[in-house]
Amino acid sequence: MSATQRIHLNPNAPRGPVSGGYTPAASAYRPNSGPTIGAQGGNEVLGQVQALSSKVEDYIEAYTQPIRPYVPAMARFLIVVTFLEDALRILTQWGDQLWYLQKHRHFPWGISHIFLLINVITMISCSFGVITKRYPEYSVFGLLGVVIAQGIGYGLLFDLSFFLRNLSVIGGLLMVLSDSLQNKKKLFAGLPSISETDRRKYFQLAGRILLIFLFIGFIFQGKWSFARVLVSVVGLGACIMVAVGFKAKWSASFLVTLLSVFNVFINNWWSVHSAHPQRDFLKYDFFQTLSIVGGLLLLVNIGPGGISVDEKKKVY
C-alpha cells in the first residue's frame, strides 16, 4: 500500500498407531518387551495431546458462540481496513502524494492525478463491496489490482517488507473470495472443467499459505532477543499448522491473539506525536496487521477447506 511520507523518508506430526504385533498373552513369553512398552507409552502421550487439543477446541467453540454470528462481518471489515486507511491517507496527503509520484517516480502531470483518483475510488468502492457482500468477487479483484498497481507505481515491488505484508493481505482477500463462492453458483464461466467446490478449496489453500507471510517477515526482521526467539518459534509452529490445515481453527485463533497483542504494543502509532515521521510507519503497519488478523478470523469461521489435514482426517 502507499505511504508517501514513509517512502520519502526512507528511500533508501507423524501420527499413526504403532503396532506391537502381539497379544497380551504372547508377550508374557518374550523376555525383551521394552520396545512394546515404549510404543504403548507413545500412544498414551499422543492420546493425551489429542484430548488436550480437543478440549481447547471445545473451549474456543463454547466461549466464542455469542460472537460467532458477527465474526464474518468483522473479519471482512478488518481485511479491507488497510485499504480504507490508505484511501484516507491519499486524500489527506494529496499534495505530498503528487509530489512524490512526479518528482521521484517521474509520473507526467495529470497521469499522477488520475492514478491517485482511480486508486481512491477503487479502494473505497471495492472495500464497501467486500463488507456488504455485494459483488464480492469483483471487489476482491479490484483490491488485488490496487495492490499490484501501487507496488509498481510507488516502486515497492522489491521491498521485502512491502512484499511479505501484501502477500498476507492478498491471502485475506482470497479467503473472502473463497467465502463468497459458498453462495455463488457460477464464477469464471470460462473454466467449466473446474467445479465450484474445487475452486473454493484452491482459494482457501492459497489464502491459508499467503496469510502466514506477515509472520515470516516478522521473524527475519528486527533485533533478536529471548522473547523474540520464543515468540518466533511458537508463532512459526502455528503458521505451519495454518498452512497445512492441521488444527487450523485453533492455530489461527492463536495467531489472531498473538498478532493482536503484538499490534497494540508494538505498532502503537497513537502514542507518537503527529509530527513525528515514525507515526506513518507505525500506522501503516498497524492497519495492515489488522487486515491479516481479519483474514485469520475468516479462516476460523469458514475452516481450512478441503485441501487440508483436518479435512483428510474426517475422510480417514
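1. A helix here is a DSSP run of type H or I with at least four residues, numbered from the N terminus. With that in hand, Ser291 is placed in helix H13. Please keep in mind throughout that this is a predicted model.

2. Let me start with the overall picture. The chain contains 14 helices and 0 strands, so reading the elements from the N terminus gives α-α-α-α-α-α-α-α-α-α-α-α-α-α under the DSSP assignment. Of its 316 residues, 43% count as buried. The accessible surface of the chain is about 17,300 Å², and carbon and sulfur atoms account for 67% of that area.

3. Ser291 is a good residue to open on your screen. What is its relative accessibility? The value is 1%, and because buried means under 20%, Ser291 counts as buried. Leaving out residues up to four places away in sequence, Ser291 touches Leu78, Ile79, Val80, Val81, Thr82 and Val169. Leu173 is 118 residues away from Ser291 along the chain, yet the C-alpha atoms of the two are separated by 9.2 Å.

4. Several of those partners lead us to helix H4, which spans residues 71-92. Helix H8 covers residues 160-180, and the axes of H4 and H8 come within 10 Å, crossing at roughly 140°. Angles over 145 degrees would count as roughly antiparallel, so at this angle H4 is oblique to H8. H4 passes H8 in a left-handed crossing. On the H4 side the contact is made by Arg76, Ile79 and Phe83, and on the H8 side by Val169, Gly172, Leu173, Val176, Asp179 and Ser180.

5. H4 also meets helix H7, residues 136-153, with the two axes coming within 12 Å and crossing at roughly 50°. That angle makes H4 oblique to H7. The crossing of H4 with H7 is left-handed. Here Arg76, Val80, Phe83, Asp86 and Ile90 of H4 meet Pro136, Leu143, Val146, Val147 and Gln150 of H7. If you are following side chains, Arg76 and Phe83 of H4 appear in the contact with H7 and also in the contact with H8.

6. Next comes the pairing of H8 with H13. Their axes come within 9 Å and cross at roughly 35°, and the crossing is left-handed. From H8, the contact is made by Phe162, Arg165, Asn166, Ser168, Val169, Gly172, Met175, Val176, Ser178 and Asp179. From H13, the contributors are Tyr284, Asp285, Gln288, Thr289, Ser291, Ile292, Gly295, Leu298, Leu299 and Ile302. Ser291 is thus part of this contact, and its list of partners includes Val169.

7. Asp285 deserves a look of its own. Where does Asp285 sit? Its place is in helix H13, which runs over residues 278-302. Is Asp285 buried or exposed? Its relative accessibility is 17%, and because the limit for buried is under 20%, Asp285 counts as buried. Apart from neighbours within four places in sequence, Asp285 is in contact with Arg165, Asn263 and Asn267. Arg165 and Asp285 also both appear in the contact between H8 and H13.

8. Val264 is another residue to check, and it lies in helix H12, residues 248-266. Its relative accessible area is 40%, so Val264 is partly exposed. Phe286 is 22 residues away from Val264 along the chain, and their C-alpha atoms are separated by 8.0 Å.

9. Two loop residues have backbone angles you may want to inspect. His106 is found in the loop between helix H5 (94-103) and helix H6 (111-132). Its phi is near 60°, a positive value in a residue other than glycine. With a relative accessibility of 63%, His106 counts as exposed. Tyr135, in the loop between H6 and H7, has a positive phi of about 50° although it is not a glycine. Tyr135 is exposed too, with a relative accessible area of 55%.

10. Finally, a word on cysteines. How many disulfides are there? The count comes to 0, where a disulfide would need a pair of cysteine sulfur atoms within 2.5 Å. Cys126 is buried, with a relative accessible area of 11%. Cys239 is buried as well, at 1%.

Key: Residues numbered from 1 in each chain as written. Predicted model: local features only at pLDDT ≥ 70, side-chain atom pairs only at ≥ 80, totals over all residues. Heavy atoms only, no water. Buried < 20%, exposed > 50% of the residue type's maximum accessible area, 1.4 Å probe, protein only. Areas by Shrake-Rupley, 256 points an atom, 1.4 Å probe, with all protein chains shown as cover. Contact = heavy atoms within 4.5 Å. Axes fitted to C-alpha atoms, helices over the stretch in contact; angles between N-to-C directions. Parallel < 35°, antiparallel > 145°, perpendicular 65-115°, else oblique. Left-handed = near helix turned anticlockwise from the far one by under 90°.
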